[in-house]
Amino acid sequence: MSKRLTRWMVYVLIAIGFAVACAFLSNWQFERNESRAEQIELVEQNYDADPVPLGDLIGDDDLLQPGDEWHPVLLRGEYLSDQQLLVRNRPHGGTSAFEVLVPFRDVDGRVFIVDRGWVPPGDGDTPDAVPEAPSGTVEVVARLRPSEQVPASGRGAPDGQVPTINLPTIAGLVEGDVITAAYGQLISEDPAGTPLGGFTSPTDDPGPHLSYAIQWILFAIMGFIFIGYIIRTEIVKHREEVEGRPAPVKEKRRRDKDADVEDELLDAR
């Protein structure tokens with residue numbers, strides 16, 4: 001096997017390896033696009049649904065089904081304002097705001113964490129003011145949200161604050177039977193307290209995942225086209241070298257002999 005053919009085989013193997021990598025990345029983007037489409041569909045289905053009692057979606061097993069995220073729930077009970085917590089570094093209003101978590105004891109005896117909204121940061125480590133939750137018996141409507149992860153960096157927070165809404169961690173700071181499957185983003189409360197900054201609805205933008213998936217497919221095709229171009233260029237160059245190369249010695253001698261014969265015939269005339 002010639003060196004040139006071996007080199008071409010290496011080129012093709014490189015193109016195949018590149019195409020396999022592109023196929024893997026394209027499939028990953030297709031999966032992300034599908035997951036994003038499912039999230040959008042879930043929001044459209046649940047976000048403005050009629051509220052149901054908390055116990056209908058989170059039973060005694062303390063589990064939140066994935067299909068129940070964003071669904072509004074109805075609670076009746078009282079806020080435990082003396083156990084209020086602040087969540088640091090939340091992106092609201094173009095700044096690192098604080099979200100206000102107030103435990104809520106439902107009529108079934110369980111404690112549900114309600115995120116009442118956000119307040120802007122103050123000059124120090126705490127907001128300048130945090131409106132109080134209404135006292136006495138309150139009827140609350142909130143959307144279900146899953147517990148957040150503990151920060152990978154291991155960062156903490158001052159007393160009375162938490163770095164994320166990690167419900168098992170919060171359950172260790174709040175008295176009572178705390179629900180750790182989900183918390184609620186406040187929609188309304190009756191009687192209403194002083195309003196805080198509200199939550200924006202989730203975007204329905206599908207993101208760039210589908211276009212990225214198609215781009216990886218095109219990259220794979222372009223890889224083969226590029227390798228084909230290189231091989232074709234080498235073939236053309238090789239042909240040009242062969243055509244411009246001096247004739248072999250035997251061929252040259254034969255041509256010289258034929259020329260001598262032609263000269264003799266001309267002289268004889």
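Helices (H or I, at least four residues) and strands (E, at least two) are taken here as DSSP runs, counted from the N terminus. With that in hand, welcome to a short tour of a predicted model. It visits a charged patch on the surface, a residue in a loop and a residue in a strand, namely Asp205, Gln83 and Val162.

**The negative patch and Asp205**
- Seven residues are worth selecting together in your viewer: Glu31, Glu34, Glu38, Glu41, Glu44, Asp204 and Asp205 form a negative patch on the surface.
- One of these, Asp205, sits in the loop that links strand 8 (182–190) to helix 4 (209–243).
- Asp205 has 45% relative accessibility and therefore counts as partly exposed, since exposed would require over 50%.

**Gln83, a loop residue**
- The loop between strand 2 (72–79) and strand 3 (85–92) holds Gln83.
- Because its relative accessibility is 13%, Gln83 counts as buried; the cut-off for that class is under 20%.
- Beyond its neighbours within four places in sequence, Gln83 makes contact with Pro103, Leu173, Val174 and Glu175.

**Val162, a strand residue**
- Val162 belongs to strand 7, which covers residues 161–162.
- A relative accessibility of 2% is why Val162 counts as buried.
- Setting aside neighbours within four places in sequence, Val162 touches Leu85, Leu86, Val87, Arg88, Leu101, Ala157, Ile170 and Leu173.
- From Val162 to Val150 the C-alpha to C-alpha distance is 9.9 Å, and the two residues are 12 apart in sequence.

**A shared partner**
- Leu173 is a link between the two buried residues: it is among the contacts of Gln83 and also among those of Val162.

Notes. Residues are numbered from 1 along each chain as its sequence is written. This is a predicted model: local features need pLDDT of at least 70, side-chain atom pairs count only at pLDDT 80 or more; totals for chains, interfaces and linings use all residues. Side-chain values use heavy atoms; hydrogens and water are left out. Patches are made of residues with over 30% relative accessible area and no salt bridge: like charges are joined within 9 Å, nonpolar side chains (Val, Leu, Ile, Met, Phe, Trp, Tyr) within 5 Å. Accessible areas come from the Shrake-Rupley method with a 1.4 Å probe; for residues, only the protein chains shown count as cover. A salt bridge is a side-chain nitrogen of Lys or Arg within 4 Å of a carboxyl oxygen of Asp or Glu. Lys and Arg count as positive and Asp and Glu as negative; His and the chain ends are not counted. The place of a charge is taken as NZ of Lys, CZ of Arg, CG of Asp or CD of Glu. Buried means under 20% relative accessible area, exposed over 50%, partly exposed in between (1.4 Å probe, protein chains only). Contact means heavy atoms within 4.5 Å.
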